[in-house]
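Visitor: I am new to this structure and would like to be taken through it slowly. Could you show it to me and then answer my questions one at a time?

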Amino acid sequence: MMRRSPFLALLLLPAAPVFAQDAPPPPAPAASIEAGPSQTRAEAEALAVATFNRLDLNHDGFVTMDEMIAVVAKQRGTTPDKITTVPPMVKAMMDDADTNHDGKVSLDEAKAATLRDFDEADTNHDGIVTPTERMAAQAKIMNALHPKAAVGR
Ligand SMILES: [Ca+2]
Ligand SMILES: [Ca+2]
């Protein structure tokens with residue numbers, strides 16, 4: 001089974017389609033994605049920690065679905081009770097990272113998921129994810145989450 005990389009997607013697309021809307025994003029050409037600089041494994045891990053701390057609203061060391069929904073609501077300028085469906089990418093991210101299936105994501109799980117995803121994106125295994133590798137990984141994620149938007153297969 002093909003592994004999705006939703007946690008990395010969340011980290012890589014902090015402001016973009018992850019939380020922005022329920023509808024699948026249009027299959028944007030890869031060139032239109034802001035690729036950003038190359039990233040080392042250590043940077044990916046540091047970003048995972050920073051993102052985790054931002055998502056762990058009550059600072060209990062776990063990110064729960066309630067917290068994710070609160071974050072989604074905040075990004076949409078609404079309140080959590082207005083979020084009736086969990087965005088598929090958020091659910092996929094939680095499921096993917098929650099390796100012990102207790103319904104919440106610990107910092108260790110978040111870091112592990114991020115590094116798994118990093119290694120997956122680092123196709124030439126040099127410890128650095130370049131913009132090109134990142135764009136390829138993002139395209140794979142989008143295709144996995146929105147198979148109907150996939151092209152060329
Ligand atoms: Ca928490
Ligand atoms: Ca867990």
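**Helix α6 and its surroundings**

Guide: A good place to begin is helix α6, whose buried residues are E109, A110, A113, T114, D117, F118 and A121. Please keep in mind throughout that this is a predicted model.

Visitor: What span is expected for helix α6 at 1.5 Å a residue?

Guide: Helix α6 takes in residues 107-121, which makes 15 residues. The distance from its first C-alpha to its last is 21 Å, and this is close to the expected span, which is 21 Å.

Visitor: Which element gives the largest share of the largest nonpolar core?

Guide: The largest nonpolar core has 21 residues, and those with the most contacts inside it are M93, M94, A97 and A110. Two or more residues are given to this core by each of α3 (41-55), α5 (88-97), α6 and α7 (131-145). The largest share amounts to six residues, and the element that supplies it is α5.

Visitor: Which residues of α7 are buried?

Guide: Helix α7 has 15 residues, which at 1.5 Å a residue should span 21 Å, and its end C-alpha atoms are indeed 21 Å apart. Its buried residues are E133, R134, A137, Q138, I141, M142 and L145.

Visitor: Is A48 buried or exposed?

Guide: A48 is found in helix α3, and its C-alpha lies 9.8 Å from that of D108, although the two are 60 residues apart in sequence. A residue counts as buried if 20 or more other C-beta atoms lie within 10 Å of its own. A48 has 24 such atoms within 10 Å, and therefore A48 is buried.

Visitor: Where is H59 found, and is H59 buried or exposed?

Guide: Most residues other than glycine have a negative phi. H59, which is not a glycine, has a positive phi of about 55 degrees, and H59 is found in the loop between α3 and β2 (62-64). With 7 other C-beta atoms within 10 Å, H59 is exposed.

Visitor: In which loop does H101 lie?

Guide: H101 is not a glycine either, yet H101 has a positive phi of about 55 degrees. H101 has 7 C-beta neighbours inside 10 Å and so counts as exposed. The loop in which H101 lies is the one between α5 and β3 (104-106).

Visitor: Which residues does the UniProt annotation "domain: EF-hand" cover?

Guide: Over residues 43-78 the chain is 67% helix and 8% strand, with the end C-alpha atoms 32 Å apart. Residues 85-120 are likewise 67% helix and 8% strand, and the end C-alpha atoms of that span lie 29 Å apart. According to the unreviewed UniProt entry, the annotation "domain: EF-hand" covers residues 43-78 and 85-120.

Visitor: In what order do the elements of the protein run from the N terminus on?

Guide: There are seven helices and four strands in the protein, which has 153 residues, 28% of them counted as buried. From the N terminus on, the order of the elements is α-α-β-α-β-α-α-β-α-β-α.

Visitor: Over which residues does pLDDT stay under 50?

Guide: The mean pLDDT of the protein is 81, and 73% of its residues reach 70 or more. Where pLDDT is low, the predicted coordinates should not be read in detail. The stretch over which pLDDT stays under 50 is residues 11-21.

Definitions and conventions
Residues are numbered from 1 along each chain as its sequence is written. Chains are lettered from A and ligands numbered from 1 in the order in which they are written. This is a predicted model: local features need pLDDT of at least 70, side-chain atom pairs count only at pLDDT 80 or more; totals for chains, interfaces and linings use all residues. UniProt positions are given in the numbering used here, feature names are shortened, and annotations may be inferred rather than shown by experiment. A residue is buried if 20 or more other C-beta atoms lie within 10 Å of its own, exposed if 12 or fewer, and partly exposed in between; C-beta atoms are placed from the backbone. The expected span of a helix is 1.5 Å times one less than its number of residues. A nonpolar core is a set of buried Ala, Val, Leu, Ile, Met, Phe, Trp, Tyr and Cys residues joined through C-beta atoms within 7 Å. pLDDT is the predictor's confidence in each residue, from 0 to 100. Two residues are in contact if their C-beta atoms, placed from the backbone, lie within 7 Å.
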